[in-house]
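Hi,

Here is the structure I promised to pass on. Have a look at it first, and then read my notes below.

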Amino acid sequence: MNMPGVVRPEPILPTAITRLEALDWQDVEQELDGRGVAVLSGLLDEGECRLLAGLYARRELFRRHIAMARHGFGQGEYRYFNYPLPRPIAELRTALYARIAPVANRWNQWMNQERRYPDRHADFLAQCHAAGQQRPTPLLLRYHAGDYNCLHQDLYGDLAFPLQAVILLTEPGLDHQGGELVLTEQRPRRQSRVEVLPLQRGDMAILASHHRPVQGARGVYRVNMRHGVSRVRAGQRLSAGIIFHDAE
């Protein structure tokens, strides 16, 4: 069995990790608590985006290739990385998890969910693997003109982390037209609320992967979140998805 560890004395994206650590995380957490999504603008520079996008051509890095139309997921394709993850993905996954695990634990407390998440991502992965979820879930997604991704949730098993991240690797207006990240929020006994995030190249969106808490007049209640990608009108759009739980 491939193991999740990877030998990396220095991160390949040191400036991206530095930018991540330098953010005002109090503001990020307030955005997540209030809206269920936060955008980290310009987290990756152009060279870092090209580095990640270039991994798509290296088939040996991936465990599975998905054609969305074949499964009714939309149109386009994506590839799940295999373990050991490439250094850029592993570094970002580890560093980001440490920052948002407190948010996940706070959300579960507010929603009266018993599960709490450990501080270290390696410890959470150990829990996933003990539960039979051993396949890595970070991925790269590629869309061409006419492609889109239906609204969905990335769960993969009973053990699921309530937040995930998306990084846009191509430049809207230059590499592609359209292909906006779309979020929906379904509140009890109400019509769904839709939000469109106009990301730029290098932006990371942290978003709720399943449920999030909302403060109501009678206390906190739980809403159901989904996300997708609108139709790409021209060009090629690439993005990276960082999911913190592994799959069955």
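One cut-off before the notes: I call a residue buried when its relative accessible area is under 20%. Also keep in mind that this is a predicted model.

Let's start with strand β7, residues 163-168. Six of its six residues come out as buried, so β7 is largely enclosed by the rest of the structure. In a regular strand the side chains alternate between the two faces of the sheet. In β7, L163, A165 and I167 point one way, Q164, V166 and L168 point the other way, and all are buried. As for partners, β7 runs antiparallel to β11, with five bridges joining them, and it also pairs in the antiparallel sense with β14 (residues 232-243), again over five bridges. A165 is a handy residue to click on here: it stands opposite I206 in β11 and opposite I242 in β14.

Strand β4 (residues 77-81) is mostly covered too, with five of its five residues buried. On one side you have E77, R79 and F81, on the other Y78 and Y80, and all of them are buried. Strand β2 (residues 62-67) is joined to β4 by five bridges, and the two run antiparallel; within that pairing, R64 stands opposite Y80. Strand β5 (residues 139-144) pairs with β4 over four bridges, also in the antiparallel sense, and R142 in β5 is the bridge partner of E77.

Now the helices. Which residues of α2 (residues 25-35) are buried? They are W25, V28, E29 and L32. Looking down the axis of α2, these buried residues fall within an arc of 95 degrees, so they line one face of the helix. The general reason for that kind of pattern is that an α-helix has 3.6 residues a turn, so residues three or four places apart point the same way. The cover over the buried residues of α2 comes from several elements, including α1 (14-22), β1 (37-40), α5 (87-110) and β7. Strands β11 (204-208) and β12 (211-216) contribute to that cover as well.

The two ends of α2 are worth a look. At its start, a side-chain oxygen of D24 reaches to within 3.2 Å of the backbone nitrogen of Q26. Just after the helix, G36 takes a positive phi of about 80 degrees.

Helix α5 also packs against α6 (residues 121-130), at an angle of about 100 degrees and with the axes 9 Å apart. The two helices are therefore roughly perpendicular to each other. To find the place where they meet, show R93, T94 and Y97 in α5 together with H121, F124 and L125 in α6.

Last one: L181, which lies in strand β9 (residues 181-186). Is L181 buried or exposed? L181 is buried, because its relative accessible area is 3%, and the cut-off is under 20%. Leaving aside neighbours within four places in sequence, the residues in contact with L181 are E195, V196, L197, L199, A205, L207, G228 and R237. If you want a distance to try in the viewer, the C-alpha atoms of L181 and R59 are separated by 26 Å, and the two residues are 122 apart along the chain.

Cheers

How values were computed: Residues numbered from 1 in each chain as written. Predicted model: local features only at pLDDT ≥ 70, side-chain atom pairs only at ≥ 80, totals over all residues. Heavy atoms only, no water. Buried < 20%, exposed > 50% of the residue type's maximum accessible area, 1.4 Å probe, protein only. Arc of directions from axis to C-beta. Contact = heavy atoms within 4.5 Å. Polar contact = N/O pair within 3.5 Å; in protein donor to acceptor, adjacent residues only side chain to side chain. Pairing = 2+ DSSP bridges. Axes fitted to C-alpha atoms, helices over the stretch in contact; angles between N-to-C directions. Parallel < 35°, antiparallel > 145°, perpendicular 65-115°, else oblique.
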